[in-house]
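Take a look at the structure below. This report is about the ligand and its surroundings.

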Amino acid sequence: MTGIVYVNGEYLPAEEAKISVFDRGFLMADAIYELTAVVDGKLIDFPAHLARLDRSLAELDIVNPHGYDEWLALHRELVARNAVTEGSVYVEVTRGNTGERAFEYPPAEIPPTVVAFATNRPGIVDSPAAAAGLRIVTLPDLRWQRRDIKTVQLIYQAQAKMLAKRAGADDGWLVEDGFVTEGTSNNAYIVRKGRIVTRPLGNDILHGITRASLLRFAREAQMEVEERQFTVAEAQAADEAFITSATGFVTPVVEIDGTAVGTGKPGPVALRLREIYIDESRKTAL
Ligand code: PDD
C-alpha cells in the first residue's frame with residue numbers, strides 16, 4: 001500500500017515508515033486495533049469506535065496514549081492527507097518496543113506504539129457484495145476466549161476466511177457448541193418472521209459498533225430484535241440472514257453451507273436495514 005501513514009507522531013510516506021522488530025505487536029500480537037469507515041470524507045460511528053479502543057486497551061492494561069480530540073485529529077489528518085472520500089481508517093496501538101523479547105509486560109515508561117493508515121475503498125456504499133449477497137460456509141470457532149477485545153491476533157480469522165474461499169464461498173461463520181458466534185470479521189444475524197435475531201454480547205464475540213447502532217436503529221423503526229444464540233440449521237431455515245461490520249455496513253447472506261436462505265436472494269429486511277444504517281450514520285459522521 002502507498003500513501004501517507006502515521007507512526008508514533010509522524011506522518012510519513014508508507015515506504016519510509018518503520019517499527020522495531022522488538023515491538024510487542026510484531027512479536028506477540030500484543031496490540032489492539034480499530035477500523036472506522038469513511039463515507040463522504042467523514043468518519044462513521046467515530047465516538048463508539050474510540051470508546052471500544054479505550055476499552056480494549058484497558059482490558060490489556062495498556063495506557064491509551066491519546067485523548068479523544070487527538071485521536072479525532074489523527075483520523076481526520078489521515079483522511080485529508082490520503083484524500084479518502086469512501087474507505088476506512090485503521091489504527092493500531094501496541095504495548096511498545098522493549099528492545100528484547102520477554103513475556104512479562106515492560107515497565108510503564110515504555111510508550112505504546114501507534115500506527116495508523118487510511119485506505120480509499122470506493123464502492124463500500126454502492127457495494128456489489130451487498131447487491132449479490134454473500135455465500136457463507138460454517139467453520140469451528142477455534143479462537144481464544146476474549147473475542148470482545150479487538151486484538152490484532154487475527155490468524156484464525158485469516159485462516160477461516162481462506163478455508164471459506166477455498167470452499168468456493170465468500171466468507172465463513174464460526175460455530176461453537178452448536179451455535180453461530182460471528183463471522184470471520186463481522187457479526188452474524190438471521191431474520192425470522194420479521195424479527196432480527198443475533199447473538200447476545202459476551203466475551204465470545206466482538207461487540208460490533210455497527211451491531212450496536214443497527215440494533216438501535218431497528219428498535220427505533222419498531223422492528224423486533226431478539227438477542228439470543230441460533231444454530232446453523234436455524235439460520236439455513238431462516239427467512240433472511242445478514243452480517244454487519246464497519247465497512248460492510250449491513251450485507252445480506254444468501255447461502256449457508258450450500259443451502260439457500262429464504263429466496264436465495266438478498267432479503268427485504270436486510271436491504272432496508274442497510275439503507276437505514278447508511279442514512280442514519282451519515283447524519284452523525286464526523
Ligand atoms: N472487523 N466481529 C469480528 C470478529 C470482527 O473482526 C468485526 C470487525 C466485527 C464487526 O465489528 P464492527 O461493526 O465494529 O466493525 C465483528 C473489522 C472490520 C476488521 O477487522 O477489519
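What follows describes the ligand site, from its shell to its polar contacts.

This is a predicted model: local features need pLDDT of at least 70, side-chain atom pairs count only at pLDDT 80 or more, and totals for chains, interfaces and linings use all residues. Residues are numbered from 1 along each chain as its sequence is written, and side-chain values use heavy atoms, with hydrogens and water left out.

There are 20 residues around the ligand. A residue is near a molecule if one of its heavy atoms lies within 4 Å of it. Tyr33, Arg52, Glu182, Ile209 and Thr210 come nearest. Both domain 1 (4–120) and domain 2 (128–284) give at least three residues to the shell; the domain bounds come from an automatic or database domain assignment.

Three atom pairs between protein and ligand are polar contacts (a pair of N or O atoms within 3.5 Å).

| Protein atom | Ligand atom | Distance |
|---|---|---|
| Glu182, polar side-chain atom | nitrogen | 2.7 Å |
| Ser185, backbone N or O atom | nitrogen | 3.4 Å |
| Thr210, polar side-chain atom | oxygen | 2.6 Å |

On its own, the ligand has 470 Å² of accessible area, and the protein covers 90% of that. Accessible areas come from the Shrake-Rupley method with a 1.4 Å probe; for residues, only the protein chains shown count as cover.

How values were computed: Polar contact = N/O pair within 3.5 Å; in protein donor to acceptor, adjacent residues only side chain to side chain.
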